[in-house]
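Trainee: I am new to this structure. Please take me through its pockets in one close look.

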Amino acid sequence: MRKQTKLALGLSAAALLAVGASMTSFAARGWVAEGDQWYYYDNNGDYVTDKWKSYNGNYFYLGSDGYMLTNELIEDGNNYYYVDANGAMVKNTWVAVPADDSEDQDVEYRWYYFGSNGKAYKDADKKTINGKKYGFDDEGKMLFGFVDNRQCINDQDDAILNCERYYGSNDDGAMHTGWLLYQDAIDGNDNYDDEFYWFWFDSKGLKKKDSSKKINGKTYAFDENGAMLKEWDIATFSNKSTIGWFNAAEDGHLAKSTWIWASEEDVLKGTELEGDDDDRWFYANKNGFLTRSQTKKINGKWYAFDQYGRMKWGLVWLSTPSVKDSKADVVNQKDPADVSADDVYELTGDGAYLHFFSTDEEKDGSMRTGDNIKIELYDDDYTFGFDKNSGNAYDGPHKNKLYCKGILQKADDNRYEAVKYNDKYYLVSSNGTIMKASQSRTYKDSEDVYWFVASDGLYYADNANAAKLAENGETYTDKDGNVYECKLWK
């Protein structure tokens, strides 16, 4: 800002003489030079005091003692004016006036701007001068630094937090718009102890706070005092508060559609949830919001997130059978190494649908599906089956194999094993295949027991022909006179 650089610091006798030379035509009534001062006599021959008088298109002010004032700020009614070294009212110009004893800012002078009518601008948040906007208080002083309600508040330690506007230094008080990097200490506020903070002021010079803003195609958010959010924090988007990831302090734009590896403690700060300091995977969706309490397809793979936003892995129980259901939420999650088969049976059902996600939690926690998923539980290794579309664990016959809440039922140490499930009876082989009913075939296990699959259940005996009787309690006598009983397996 180009301003008048000559300060009003004294009265020049030579300048007055120059003015006197230009006023030699004043009559005895009117302007009269007496010594180094100029006076104005009225029709009664008295000094004119506290009034403006004109000469040759310029206005001059007569003070309370009657002489013409020079280099002085004049308060006339509710307005402020300035007269230069020649005593003429200045117009359309900046003037630096020495600070007086009442000045509360630590400066040697204050700037004023006097318009086309000679009046100082005042009570203005912004006035355009030479293409720049400036603010002025109720006494016409140019605002500078941190400003709130047309008052400079630079004497406060946390002025940057309490101000609404910023007008630069006292040497150039143009209204600030756009980004402002604040690197001074903010004393007395433990919530702001970093080395620097970013603030943003809109086209009206108002600080953006407690909301979000898209700037140059990127979304940023600001806290209740206007400080740009960084890293994990809670922000308000369209009147809705949510957790987002705002990158580093140097550029805190909202991250979108990206994975972030971070500690729960950092992510959940300021929320009603309390996390630990373990690092987990979190995902910021296309709007920049933390993905929480839902399943989500990312780059062609399905993932599950709990109420904390943590990506879940291993055995995960959802509230709905299908991972694709928009209402799917995480009910429970276990490391497979920490549970047994009995635990799986107990935890599955009644609104808890078992799904399986990769156990490599640091690299890829995506959902796994298939009929032959090998999972090592606490008590043994098991084969699981999960539907390729919904991800839900098979429960019952599937492709001629029997699954119980996801676990394949099979004869481990025997060739065949009888299984009752949902009030039905099945004979399964060592690979989990369900044996079909046959009028002519029996199935001999490793203990020399013969099994017969009938429409009404499973029958067994120590003799193949006896097993085929397929009626509980009937007996069969072989050629050697040995008697075998056919029994119904329950």
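What follows is a walk through the two pockets.

Mentor: Keep in mind that this model is predicted. Start with the largest pocket. Its volume is about 360 Å³. Lining it are 15 residues. Closest to the centre of this pocket sit Asn191, Asp223, Lys230, Asp233 and Lys269. Find those five residues on the model and you have found the centre. Now sort the lining by class. Eight of its residues are charged, five are nonpolar and two are polar.

Move on to the second largest pocket. It holds about 290 Å³ of space. Its lining counts 18 residues. Leu73, Val97, Pro98, Asp100 and Tyr112 lie closest to its centre. Here strands do much to orient you. Four elements give two or more residues each to this lining: β5 (72-76), β6 (79-83), β7 (93-98) and β8 (109-114). Strand β5 gives the most, with four residues. By class, this lining has nine nonpolar residues, seven charged and two polar.

Put the two linings side by side.

- Largest pocket: five nonpolar, two polar, eight charged.
- Second largest pocket: nine nonpolar, two polar, seven charged.

To trace the second largest pocket on the model, begin at β5, which gives four residues to the lining. Then look at β6, β7 and β8, which each give two or more. Finish at the residues closest to the centre, Tyr112 and Leu73 among them.

Methods. Residues are numbered from 1 along each chain as its sequence is written. This is a predicted model: local features need pLDDT of at least 70, side-chain atom pairs count only at pLDDT 80 or more; totals for chains, interfaces and linings use all residues. Side-chain values use heavy atoms; hydrogens and water are left out. On a 1 Å grid over the protein atoms alone, a cavity is a set of points where a 1.4 Å probe fits but cannot get out, and a pocket is an open set with protein on both sides within 12 Å along at least five of seven lines; lining residues have an atom within 4 Å of a point. Grid points are joined across faces, edges and corners, and a volume is the space filled by probe spheres set on the points. Ala, Val, Leu, Ile, Met, Phe, Trp, Tyr, Cys and Pro count as nonpolar, Asp, Glu, Lys and Arg as charged, and the others, Gly among them, as polar.
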